[in-house]
Amino acid sequence: MGLRPWRKLEGPVGSVVKRVIMSWRQIFHTSCLVLLVQLLCLEAVPISLDKTKVNQPEDKASEPSPSVDTGLHYDRYLREVIDFLEKDQHFREKLHNTDMEDIKMGKLAKELDFVSHHVRTQLDELKRQEVSRLRTLIKAKQDIEGGNDMAVDHQALLKQFEYLNHMNPHTFEVVDLDRLIKSATNDLENYDKERHEEFKKYEMTKDHERREHLKTLDDGGRKKEEEHYEEMKKKHADHPKVNHPGSQNQFKEVWEEADGLDPEDFDPKTFFKLHDSNGDGFFDEQELEALFTKELEKIYDPTNEEDDMVEMEEERLRMREHVMSEVDTNKDRLVSLEEFLIATKKKEFLEPDSWETLEQNQAYTDEEMREFEEHLTQQEEDLNQKASDLQKQRDELERQQEQLNSQKVELQQAVEHMERLKTQKVEPPPEVHVEGNAIPEPRGEYHPLPPGHQDMSQNHPGMKQDNHFQNQIPHNTQDLSQPRLQDLPPGHQAEP
């Protein structure tokens, strides 16, 4: 499942983030706030040989381990804002004296007006950088979605980021701090709900895939697979009794096996100090989760086929939530020494009920499984439709490509033909010289005149015969110098 988004953060940043996430209470309990060293998921704390008399060790200066990401997409911005605010003495004092309700009502944010000018200037620059980062992300998302030619309304898109005031991208104001505190608190408090939904989806997906696999088998293979599945379930359920988380029996077992102490000498106050790994006087959620390791090892072994490590992390978180709900009376996500000692006197601590593990509590109902499978079916149909549409588009593009290739070939052939014509040497017709009034002799064959016709070229020296003209002469030609009788008016005679 990975690290929790509210894993404790180291150093000055950690103290205030812890205040934001875990109701912002008692974070500046110690006087120096120089180095907070944390060991995540600590199973045991080294102790001296005199294990019944444990003195709280003094804080030792050391290099803080790398901070763990909260899981928020604005994690870096949150850390840097807190880091700068912590440098202001006035703000640190107000934070130390402000309770959770006042923080939620925005009273802490109003103290920003009294922060030094130097810190405010640094906060202004942080906000400008964050707004620029968000705008870059918006533009990148638009480019990925293919909207390069569309105008981007950054103001409208920035509204989705509720942790800052997008109307003023230049300066860090009271409203920015107020939004940042509320957003971080709400986002992290809602993480448990989201995590439960994710785990439920994981379990339904695993079951759905198993059922689908069975459909691909024949009767013999299906029967064999079902028998193997039931065998794995039985092996997983066959484990030692799990103690009720947060009960005396559970803590005594840690006291004995992890701390190496006599269970008869169990002392709640000493136990608390042993496992308050950073010595801040509180059990946070991660310090509580570390106490459940021995119980989880009874159920889960990463080398066993039947044990799912994702389920182990879910079981760990279920245990932590249960203890928090019983012990954390002021709901600040921290268990103080006082709250712990009060809880150890309750009946639930001394005589707890049995603890039902995950295999005894199915993560989803039959109705939820039915809806989940219907959703998967719809998703599959949508994907198939999209695949079909894409295939049609591909076929059409291939057809168009073929047409373009054909046109390209035809165009290339035409260009080559034109190039050949340009390179051919076409000789011009020979120039004809004519002297005087002589008619140029046409080139070509000579065609004789029909019988009864005279070659006019004989009567006109130098005149050459025109084939075309000869062809137009009628066969019954006569002396053209004398008019024809039918052409004379009545009563006229032709002169001899």
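Biologist: Contact here means heavy atoms within 4.5 Å. With that in hand, what share of the contacts with a separation of 6 or more comes from residues 24 or more positions apart?

Modeller: In this chain, residues 24 or more positions apart account for 69% of those contacts. Keep in mind that this is a predicted model.

Biologist: OK, what's the mean pLDDT of the chain?

Modeller: The mean is 76, and 67% of the residues reach 70 or more.

Biologist: Where is confidence lowest, and where is it highest?

Modeller: Helix α1, residues 11-21, is the low end with a mean of 40. Helix α12, residues 268-275, is the high end at 95.

Biologist: And which stretches stay under 50?

Modeller: Residues 1-68 do, and the model has 158 contacts beyond four places in sequence for them. Residues 460-481 stay under 50 as well, with 26 such contacts. Where pLDDT is low, the predicted coordinates should not be read in detail.

Biologist: Fair enough. How many helices and strands does the chain have?

Modeller: There are 20 helices and two strands. The chain runs to 496 residues, and buried ones make up 35% of them.

Biologist: What about the accessible surface of the chain, how much is there?

Modeller: About 32,300 Å², with 51% of that belonging to carbon and sulfur atoms.

Biologist: Back to α12, then. Is α12 mostly covered or mostly open?

Modeller: Mostly covered: six of its eight residues are buried. They are Pro268, Thr270, Phe271, Phe272, Leu274 and His275.

Biologist: What do those buried residues pack against?

Modeller: Three helices and both ends of the strand numbering come up: α11 (248-257), α13 (285-290) and α16 (337-343), plus β1 (282-283) and β2 (335-336).

Biologist: Let's look at β1. Is Phe283 buried or exposed?

Modeller: Phe283 sits in strand β1. It is buried, because its relative accessible area is 0% and the cut-off for buried is under 20%.

Biologist: Which residues is Phe283 in contact with, leaving aside neighbours within four places?

Modeller: On the α12 side, Phe283 is in contact with Phe271, Phe272 and His275. Its other contacts are Asp276, Leu288, Leu291, Met324, Leu334, Val335 and Phe340. As for Lys273, its C-alpha is 9.5 Å from that of Phe283, and the two residues are ten apart in sequence.

Biologist: Switching topic. How much space lies in the largest pocket?

Modeller: About 970 Å³. The lining has 28 residues, and Glu203, Lys206, Tyr229, Lys233 and Glu311 lie nearest the centre.

Biologist: Which helices supply at least two residues of that lining?

Modeller: α9 (191-215), α10 (219-237) and α18 (366-423) each do. The largest share, nine residues, comes from α10.

Biologist: Let's pick a residue in α9. How does Thr205 count, buried or partly exposed?

Modeller: Thr205 is in helix α9, and it counts as partly exposed because its relative accessibility is 26%, while partly exposed covers the range between 20% and 50%. Its C-alpha is 8.8 Å from the one of Glu373, although the two residues are 168 apart along the chain.

Biologist: One more helix: α15. What does Arg318 touch beyond four places away in sequence?

Modeller: Arg318 lies in α15, residues 309-327, and touches Trp355, Glu356, Thr357, Leu358 and Asn361. A polar contact of 2.5 Å also joins its side chain to that of Glu315.

Biologist: Why does Arg318 count as buried?

Modeller: Because its relative accessible area is 19%, and buried means under 20%.

Biologist: And what about Leu317, buried or exposed?

Modeller: Leu317 is in α15 too. Its relative accessible area is 2%, so it is buried. The C-alpha atoms of Leu317 and Phe292 are separated by 9.5 Å, with their positions 25 residues apart along the chain.

Key
Residues are numbered from 1 along each chain as its sequence is written. This is a predicted model: local features need pLDDT of at least 70, side-chain atom pairs count only at pLDDT 80 or more; totals for chains, interfaces and linings use all residues. Side-chain values use heavy atoms; hydrogens and water are left out. Helices (H or I, at least four residues) and strands (E, at least two) are DSSP runs, numbered from the N terminus. Buried means under 20% relative accessible area, exposed over 50%, partly exposed in between (1.4 Å probe, protein chains only). A polar contact is a pair of N or O atoms within 3.5 Å; within protein, one must be able to donate a hydrogen and the other to accept it, and residues adjacent in sequence count only if both atoms are side-chain atoms. pLDDT is the predictor's confidence in each residue, from 0 to 100. Accessible areas come from the Shrake-Rupley method with a 1.4 Å probe; for residues, only the protein chains shown count as cover. On a 1 Å grid over the protein atoms alone, a cavity is a set of points where a 1.4 Å probe fits but cannot get out, and a pocket is an open set with protein on both sides within 12 Å along at least five of seven lines; lining residues have an atom within 4 Å of a point. Grid points are joined across faces, edges and corners, and a volume is the space filled by probe spheres set on the points.
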